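Thank you for making time for this at the group meeting. Please take a moment to look at the sequence and the model on the screen, and then I will go through a few parts of it in turn.

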Amino acid sequence: MNFENYKKIKDIAKRYSILKELAIQHPEKASKEFFLEAFKKERYLDMRLTAIRGYAVFATEKEIEPLMEKLTELLRKRPQTTPYNYQEYEILRSAYLMPYLLQKYGYSCFKEFNQQLNLQYDGMPDLFKGILTCDENGIIVRLLSQQESEERWKAIHNEILSKNSN
C-alpha cells in the first residue's frame with residue numbers, strides 16, 4: 001500500500017487496522033517513507049507509535065530519536081487535554097507497542113517515552129486502569145467482564161460528578 005491510498009481512507013478505525021497490519025505483520029509491504037508519513041499524519045499517540053514500530057524496521061536509532069522526542073512532548077501534554085486518557089495509555093503499554101519496542105530495540109528514546117508513559121499512567125486513579133489491553137497483534141482484549149465494566153463506569157461517572165459538584 002502506498003501512502004496516497006492510505007491517506008484517502010477517512011475511517012480512522014480502518015486506517016488504524018491497515019497501519020497495524022503493515023507495522024506488525026508486513027512492514028516490507030510498506031516503506032520507510034510510508035511509516036514516516038503515517039507518523040506525521042496521525043494525531044492519536046497509539047497510531048503514531050504504531051507507525052514508529054513500522055518505521056523502526058527501516059530506520060536507525062538516530063532517525064527515530066526526534067520522532068520519539070516529539071511523541072514524548074505530546075504525551076506530556078495529554079493530561080491537560082485528556083486527564084484520564086486510560087484507553088490510549090493502555091494501548092501504548094500493551095504487548096505490541098512499548099514492550100515490543102523496548103525488547104526488540106532497547107533505544108534510550110523508547111525508554112524515556114516509556115518512563116513518561118508509566119509516570120502519567122501511575123498518576124491516574126485506579127478506576128481507570130486495567131480496563132483493556134492489546135495482544136501482540138494489536139487486538140483489543142477486554143480485561144473486565146461486562147458486569148465489572150458497567151460497575152467501573154458507574155463508579156467513574158459518580159467520581160466525576162462528585163468532583164464537578166465541589
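How many aromatic pairs does the structure hold? Before I answer, please keep in mind that what you are looking at is a predicted model. The structure holds eleven aromatic pairs. One of them is formed by Phe34 and Phe35, whose rings meet edge-to-face, with 5.3 Å from centre to centre and 85 degrees between the planes. Phe34 has a relative accessibility of 3% and therefore counts as buried, and Phe35, with a relative accessible area of 0%, is buried as well. Another pair, that of Tyr107 and Phe110, is stacked, with the centres 5.4 Å apart and 15 degrees between the planes. Here Tyr107 is buried at a relative accessible area of 15%, because the cut-off for a buried residue is under 20%, while Phe110 counts as buried at 0% relative accessibility. Coming back to Phe34 and Phe35, these two belong to one aromatic cluster together with Phe3, Tyr6 and Phe58.

Let me turn to the helices, beginning with the one that contains Phe110. Helix α8 runs over residues 108-122, and its 15 residues reach 21 Å from the first C-alpha to the last, which is close to the 21 Å expected at 1.5 Å a residue. Which residues of α8 are buried? They are Cys109, Phe110, Phe113, Asn114, Gln116, Leu117, Gln120 and Tyr121. These residues cover an arc of only 165 degrees around the axis, and so they lie on the same side of α8. On the other side of α8, the exposed residues are Gln115, Leu119 and Asp122. As general background, an α-helix has 3.6 residues a turn, so residues three or four places apart point the same way.

Helix α9 can be read in a similar manner. For the 20 residues of α9, residues 146-165, a rise of 1.5 Å a residue should give a span of 28 Å, and the end C-alpha atoms are 29 Å apart, which agrees. The buried residues of α9 are Ser149, Arg152 and Ile156. Because their arc around the axis is only 65 degrees, they sit on the same side of α9. Gln147, Lys154 and Ser165, by contrast, are exposed on the other side of α9. If we pause at Ser149, which lies in helix α9, we find that this residue is buried, with a relative accessible area of 15%. The C-alpha atom of Ser149 is separated by 7.4 Å from that of Ile131, although the two residues are 18 residues apart along the chain.

The last topic is the largest pocket, which has a volume of about 280 Å³. Its lining is made of 15 residues, and those closest to the pocket centre are Tyr16, Asp46, Gln87, Ile91 and Ile140. Where does the lining come from, in terms of helices? At least two residues each are supplied by α2 (12-25), α4 (45-56) and α6 (86-93), and the largest share, four residues, comes from α2. Sorted by class, the lining of the largest pocket has ten nonpolar residues, two polar ones and three charged ones.

Definitions and conventions:
Residues are numbered from 1 along each chain as its sequence is written. This is a predicted model: local features need pLDDT of at least 70, side-chain atom pairs count only at pLDDT 80 or more; totals for chains, interfaces and linings use all residues. Side-chain values use heavy atoms; hydrogens and water are left out. The expected span of a helix is 1.5 Å times one less than its number of residues. Buried means under 20% relative accessible area, exposed over 50%, partly exposed in between (1.4 Å probe, protein chains only). The arc is that of the directions from the helix axis to the C-beta atoms. On a 1 Å grid over the protein atoms alone, a cavity is a set of points where a 1.4 Å probe fits but cannot get out, and a pocket is an open set with protein on both sides within 12 Å along at least five of seven lines; lining residues have an atom within 4 Å of a point. Grid points are joined across faces, edges and corners, and a volume is the space filled by probe spheres set on the points. Ala, Val, Leu, Ile, Met, Phe, Trp, Tyr, Cys and Pro count as nonpolar, Asp, Glu, Lys and Arg as charged, and the others, Gly among them, as polar. Rings of Phe, Tyr and Trp (its six-membered ring) pair if their centres lie within 6.5 Å; planes under 30 degrees apart count as stacked, over 60 as edge-to-face and the rest as tilted.
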